[in-house]
Amino acid sequence: MKDRVLVILGPTATGKSRIAMMVVEKLNGEIISGDSMLVYRGMDIGTAKPSKEEMARVPHHLVDILPPNAEFNVFDFKNRAEVLIREINARGRLPVIAGGTGLYIKALLENYAFNDVGARDKVRSSLEKIADKEESVALHGKLAAIDGEAVARLHPNNTRRIIRAMESALAGENVGHDAEEPMFDALVFGLSMKRDVLYGRIEARVDAMLEAGLEREVRNLLKKGFTGRCQSMRSIGYRQMRWYIEDNMPYAEAVAKLKQATRNFAKRQVTWYKKMPYIRWLELKAPSDYNDAAAIICAAARDKWQ
């Protein structure tokens with residue numbers, strides 16, 4: 001019998017964490033973060049990390065597990081999440097993945113064979129040959145077509161990291177992955193909103209982050225030595241605040257770029273989700289819809305597993 005897993009995903013600012021909390025409390029579950037940034041300690045405001053009170057209410061996993069100078073990728077997520085899903089099922093509880101990093105969740109659910117070292121070497125060798133013939137900016141453009149989330153945090157001239165990101169994405173897409181035989185007994189829900197509603201929520205979220213002290217958080221991280229060389233500090237929010245703090249970009253311009261980058265990120269998330277036809281979509285029109293969405297998800301889970 002395959003282990004159960006419930007997934008709640010969607011573009012940023014759709015309320016995934018809030019609905020996951022409601023579902024977990026009703027279904028005796030535990031939350032596994034599917035967000036690539038929540039793993040970093042000390043990066044709370046810019047990642048919209050659950051509060052200490054929320055994490056005390058129900059168990060959360062893959063949150064605050066790494067320092068900001070550590071690297072974390074789809075291989076790491078898949079390996080850690082697989083173990084957690086087995087352990088949570090063994091405890092008689094339901095693992096609920098809440099997050100929006102599409103590649104991570106797709107790789108997990110469709111059991112991408114990232115441990116095929118020979119295949120990864122083949123992909124890397126091919127990319128290195130391309131890099132020898134073309135400028136790294138050309139590779140950067142190719143990466144944009146297959147992993148928009150990764151390309152947003154990588155400089156076009158950083159050939160080594162671009163190759164590594166493409167290796168991750170291409171190995172996952174093309175090597176030893178069999179969507180006909182999913183690893184888990186999964187139920188996957190997606191949260192959606194009309195574009196104008198979503199963009200309004202993104203604007204409000206960014207404003208709330210700034211009011212809560214995002215600039216102060218970034219300054220503290222920089223003082224501790226976590227510079228732009230860190231993968232985490234090149235992510236949305238932290239990157240734009242660094243431009244303001246370190247490069248003297250006008251504050252209003254940095255904020256505008258932060259909001260635009262977040263809107264673009266939401267678009268890329270939706271693009272990834274289109275590759276996952278098994279998602280059951282729920283459209284949210286107002287905050288009151290959260291209760292209805294949670295009720296629908298809980299009913300579907302009970303119907304499937306009880």
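Reader: What makes up the sheet in this structure, and in which order do the strands stand?

Author: In this predicted model, six strands form an open sheet in the order β3-β2-β4-β1-β5-β6, and their pairing is parallel. The strands β3 (60-61) and β6 (280-283) are at the edges, because each has a single partner strand and one side of each is therefore left without a neighbour in the sheet.

Reader: How do you know that β1 and β4 count as paired?

Author: Two strands pair if there are at least two bridges between them, and strand β1 (residues 4-9) is joined to strand β4 (residues 94-98) over three bridges in the parallel sense, so the condition is met. To take one residue of this pairing, Val7 has Ile97 in β4 as its bridge partner.

Reader: Which helix lies across β1, β4, β5 and β6, and at what angle to β5 does it run?

Author: That is helix α13 (residues 289-305), which runs at about 165° to β5.

Reader: Why is Ala48 called partly exposed?

Author: Its relative accessible area is 29%, and since buried means under 20% and exposed over 50%, Ala48 falls in between and is therefore called partly exposed. Ala48 is found in the loop between β2 and α2 (52-57), and, leaving aside residues up to four places away in sequence, Ala48 touches Arg205 and Met209.

Reader: How many aromatic pairs does a search of the whole structure find, and why is the pair of Phe72 and Tyr104 called edge-to-face?

Author: The search finds four aromatic pairs. For Phe72 and Tyr104 the centres are 6.1 Å apart and the planes make 65°; rings pair if their centres lie within 6.5 Å, and planes over 60 degrees apart count as edge-to-face, so both conditions are fulfilled. Phe72 lies in the loop between β3 and α3 (74-90) and Tyr104 in helix α4 (residues 102-109), so this pair ties together parts that are 32 residues apart in sequence. Both Phe72 and Tyr104 are buried.

Reader: What makes Tyr244 and Tyr251 an edge-to-face pair?

Author: Their centres are 5.1 Å apart, with 75° between the planes, and because the limits are within 6.5 Å and over 60 degrees, the pair is edge-to-face. Tyr244 is partly exposed, with a relative accessible area of 23%, and Tyr251 is partly exposed too, at 33%.

Reader: How do you know that the charged end of Lys275 sits over the ring of Trp272?

Author: The distance from the ring centre is 3.7 Å, and a charge must be within 6 Å of the centre and within 35 degrees of the ring normal. Arg4 likewise lies over the face of Trp305, at 5.8 Å from the ring centre.

Terms used: Residues are numbered from 1 along each chain as its sequence is written. This is a predicted model: local features need pLDDT of at least 70, side-chain atom pairs count only at pLDDT 80 or more; totals for chains, interfaces and linings use all residues. Side-chain values use heavy atoms; hydrogens and water are left out. Helices (H or I, at least four residues) and strands (E, at least two) are DSSP runs, numbered from the N terminus. Contact means heavy atoms within 4.5 Å. Axes are lines fitted to C-alpha atoms, for helices over the stretch in contact, and angles run from 0 to 180 degrees between N-to-C directions. Buried means under 20% relative accessible area, exposed over 50%, partly exposed in between (1.4 Å probe, protein chains only). Rings of Phe, Tyr and Trp (its six-membered ring) pair if their centres lie within 6.5 Å; planes under 30 degrees apart count as stacked, over 60 as edge-to-face and the rest as tilted.
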